[in-house]
Amino acid sequence: MASSDALLPISAREEDPLVSDGSRSDPNAETHRRKRPVKGLLAVSFGLLFIAFYVVLIATHHGSSRSNDVKIESDETATTTSRARLAGVSEKSNDQLWKLSGERNTVSFAWNNSVLSWQRTAFHFQPEQNWMNDPNGPLFYKGWYHFFYQYNPNAAVWGDIVWGHAVSKDLIHWVHLPIAMVADQWYDANGVWTGSATFLDDGSLVMLYTGSTDKSVQVQNLAYPEDLNDPLLLKWVKYSGNPVLVPPPGILPKDFRDPTTAWKTSDGKWRITIGSKINKTGISLVYDTIDFKTYEKHDTLLHKVPNTGMWECVDFYPVSKTAVNGLDTSVNGPNVKHIVKASMDDTRFDHYAVGTYFDSNGTWIPDDPTIDVGMSASLRYDYGKFYASKTFYDQNKGRRILWSWIGESDSEAADVQKGWSSLQGIPRTVVLDTKTGKNLIQWPVEEIKSLRLSSKQFDMEVGPGSVVPVDVDSAAQLDIEAEFEIKKESLDKILGDSSVVAEAEEFSCQKSGGASVRGALGPFGFSVLADKSLSEQTPVYFYLAKGKDSKLKTFFCTDTSRSTFANDVVKPIYGSAVPVLKGEKLTMRILVDHSIVEGFAQGGRTCITSRVYPTKAIYGAAKLFVFNNAIDATVTASFKVWQMNSAFIHPYSEEAVRALSST
Amino acid sequence: MHLLVLNVLREKMMKTMMMMVMMAMMMGVAMGDIVDKTCKQTPDYSLCLSLLRSDPRSSSADTVGLGLILVDKIKALGTETLGQINMAYKTKPMLKKPLDECNLRYKTIVDVDVHTAIIAIKGNPKFAEGAIVDAGVEASVCEGGFPKGQSPITGLTQKMNEICDVTRAIVRMLL
């Protein structure tokens, strides 16, 4: 054991080198010498242990070892650098949504109640206060449109989720009803989450929804109205045998949510699909049922797309290839295509694809696999702030209607201060674009026209580099329908001019720098929620880019980068290309409603929803402008602007219900 | 005889010790692995390691647990910063307005963002991601309210942003 001594740290050695006389002779020397080997062994083991730890640490650490020194300077670069680093975290993370505006405001804007209270909308669905998210179980029953939604009754942030409920005769004028379902069972103790309604053959209806159990496992539950004779469907009963579905083998307990409306198979069974994931592949599981209580799981999936992550709020429905009406979810046949839509958890984008459904085995394939559901180039209902959307078949008017959660783009501090968070978009009809056959067309429901008050028609030529005030009284609640045309001379000149660079292949609204960057053929459109001096403004516009083949590619964008001085707001530039067919004029519709702006290009081929929070361009100071920022081209604009009334959404009372019943 | 028995005992102890060392080494490799693997996927590996290793729960935590540990760190840092803000009222009374704004912003971090992150991490992580990103925004906005060079909490702001970046990366692993 002499060698073990050498490994001991010097202080542990009992010999004192300075003292060499016999006075150190120890009567216990014998026992000491015998104890030392054991102590030595212990020390050796611990020594080896520590070495082992360090070896493991060093061997596996080949990442950059960032210095832990706290940087002392406080300047713009510090914050923007930390934001920029986020881009490397996950290729799917949509940092665009969360980056603070690059411009550093010299003065921090402190929200006050006047500015905050202006943000509440006049005609978009929102609860009287607190947090809302996904639309749930929309349906039409006994003369009423029903809308349910994820709601936090206690705070303006997500949590304590229950099902809020409201009814309307026309999808625009709503009455809030008492909460439909609360988290009162073990199988939904941690949240009564998203679900969908299905009408049965006898006209009754059932609701399937996801519960987050007391152990935070995601399960599917069945609920139905307590009294089918109550047109307001105030009370709901949860099936005593819940949950009816639990995560199947191979699916993680937190990757199993948002059951769809069921559709009839040719066998006469009901079929549903539920989004999930396996590793990073987004998938949609398929179940058949007869009674909504017991289910057979298919071995095959409805569909899957690698590298798209978790599929939330899957939606699956037929669209007609030839007609403009909506179709009941169970319709199938040769004149029908099927849409698969999913909300991508990784990016917070809703994507859809057009394809073909095979009822015999419950599978679906996209028409164009290069833009399959969830791929970055695949189609989106909306290129702005728009998530967790859900459609339903409106048997009242034969339409398919789309609801969507429009979250806030401001800070939680502001949400808490103003006492609410989130809106729903204006419900839109959804049909297949019969002219292209490749995309959907969405349009605000006709009933919104009932809010139109006075209007003004304008026809003007807008020269290059001009911004023209539009004389309308108030500019916070507007419906604008516009037609634009680039003067033929301008167009011919620019297309023929070889010095004008082809940029269509590289252009994107997001990277363009916004509406202030001038091109040959754009941008031109409207600047909404702008103050007189345009210090705050939100341009909604077209940008035409010349392609390599001298063809034109049209883009539709909304630039919120200068929408507000506030620096705790996310201010992206949103948009996408929009198909413009031969002979079509450029058309745009914009709904402005305080802190939400919804833009629709080419009759709804490309849509953009944005949230904006101006600090100056509010109340009477909010103005409307039409602009043309092209370098050379002149544009003719022909448009009508309506003042929009409030929808007067009511808290629950018998009078309110009676008042709505009589309309 | 006596010595022989002792020798045998000694050898037996040596063998047991060796086995314990080997097992401890293997455990060391396994223990270090989850924290290590997780931190490698964040933008600040060494910060992530030091934050997590400083909490004994990290050795037996899953990704949710690691996320919760970091949210605790955000809460602690936020609380510490609130303390600094309170002190600054006395030492720098001319900065009352930005200090008021910072008070509001950091109260949001500690009372609202942290609470949302904790419940959401366990059930629906995208809402936790939103809350954590917001914590960074609130901290930056507070810092931005001070005239240049006059913030009493610049170091703490920087730290909050760094911790939020790491925490967000871990929460994204749960999506």
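# Disulfides and a cavity in a two-chain model

User: In this predicted model, is Cys102(B) buried or exposed?

Analyst: A residue counts as buried when its relative accessible area is under 20%. The relative accessible area of Cys102(B) is 0%, so this cysteine is buried.

User: Which residue is joined to Cys102(B) by a disulfide?

Analyst: Sulfur atoms of two cysteines have to lie within 2.5 Å of each other to count as a disulfide. Cys102(B) has such a partner, with an S to S distance of 2.1 Å, and the link is right-handed, with 95° about the S-S bond. The pair connects distant parts of the chain, 40 residues apart, since Cys102(B) belongs to helix 4 (residues 96–123) of chain B and its partner to helix 5 (residues 125–144) of chain B. That partner, which counts as buried at 1% relative accessibility, is Cys142(B).

User: What is the handedness of the disulfide between Cys39(B) and Cys48(B)?

Analyst: The sulfur atoms of Cys39(B) and Cys48(B) are 2.0 Å apart and form a disulfide, and both of these residues are buried. The torsion about their S-S bond is about -70°, so the disulfide is left-handed.

User: What is the pairing of the bonded cysteines of chain B, numbered in sequence order?

Analyst: One disulfide of chain B is formed by Cys39(B) and Cys48(B), and another joins Cys102(B) to Cys142(B). When the bonded cysteines are numbered in sequence order, the pairing is therefore 1-2, 3-4.

User: How many residues apart in sequence are the parts of chain A that Cys509(A) and Cys557(A) tie together?

Analyst: Cys509(A) and Cys557(A) are joined by a disulfide with an S to S distance of 2.2 Å, and the link is left-handed, with -70° about the S-S bond. Cys509(A) sits in the loop between helix 6 (488–496) and strand 28 (521–530) of chain A, while Cys557(A) is in strand 30 (residues 552–559) of chain A, so the parts they tie together are apart in sequence by 48 residues.

User: Why does Cys313(A) not form a bond with Cys607(A)?

Analyst: Cys313(A) is buried, with a relative accessibility of 3%. The closest cysteine sulfur to that of Cys313(A) belongs to Cys607(A), and this is too far for a bond because the distance is 19 Å.

User: Which residue holds the closest cysteine sulfur to that of Cys164(B)?

Analyst: Cys164(B) counts as buried, at 4% relative accessibility. Its sulfur is 13 Å from the closest cysteine sulfur, which is too far for a bond, and that sulfur lies in Cys142(B).

User: What percentage of the 663 residues in chain A is buried?

Analyst: Chain A contains seven helices and 36 strands, and it exposes about 27,200 Å², with carbon and sulfur atoms supplying 55% of that area. Among its 663 residues, the buried share is 57%.

User: Which helix of chain B supplies at least two residues of the lining of the second largest cavity?

Analyst: The structure holds nine cavities of 30 Å³ or more, and the second largest has a volume of about 80 Å³. Its lining consists of 15 residues, and those nearest its centre include Asp134(A), Glu312(A), Asn124(B) and Lys126(B); the lining divides into six nonpolar, four polar and five charged residues. Strand 1 (130–141), strand 5 (192–199), strand 14 (311–320) and strand 19 (387–394) of chain A each give at least two residues, and from chain B the contributor is helix 5.

Conventions
Residues are numbered from 1 along each chain as its sequence is written. Chains are lettered from A and ligands numbered from 1 in the order in which they are written. This is a predicted model: local features need pLDDT of at least 70, side-chain atom pairs count only at pLDDT 80 or more; totals for chains, interfaces and linings use all residues. Side-chain values use heavy atoms; hydrogens and water are left out. Helices (H or I, at least four residues) and strands (E, at least two) are DSSP runs, numbered from the N terminus. Buried means under 20% relative accessible area, exposed over 50%, partly exposed in between (1.4 Å probe, protein chains only). Accessible areas come from the Shrake-Rupley method with a 1.4 Å probe; for residues, only the protein chains shown count as cover. On a 1 Å grid over the protein atoms alone, a cavity is a set of points where a 1.4 Å probe fits but cannot get out, and a pocket is an open set with protein on both sides within 12 Å along at least five of seven lines; lining residues have an atom within 4 Å of a point. Grid points are joined across faces, edges and corners, and a volume is the space filled by probe spheres set on the points. Ala, Val, Leu, Ile, Met, Phe, Trp, Tyr, Cys and Pro count as nonpolar, Asp, Glu, Lys and Arg as charged, and the others, Gly among them, as polar.
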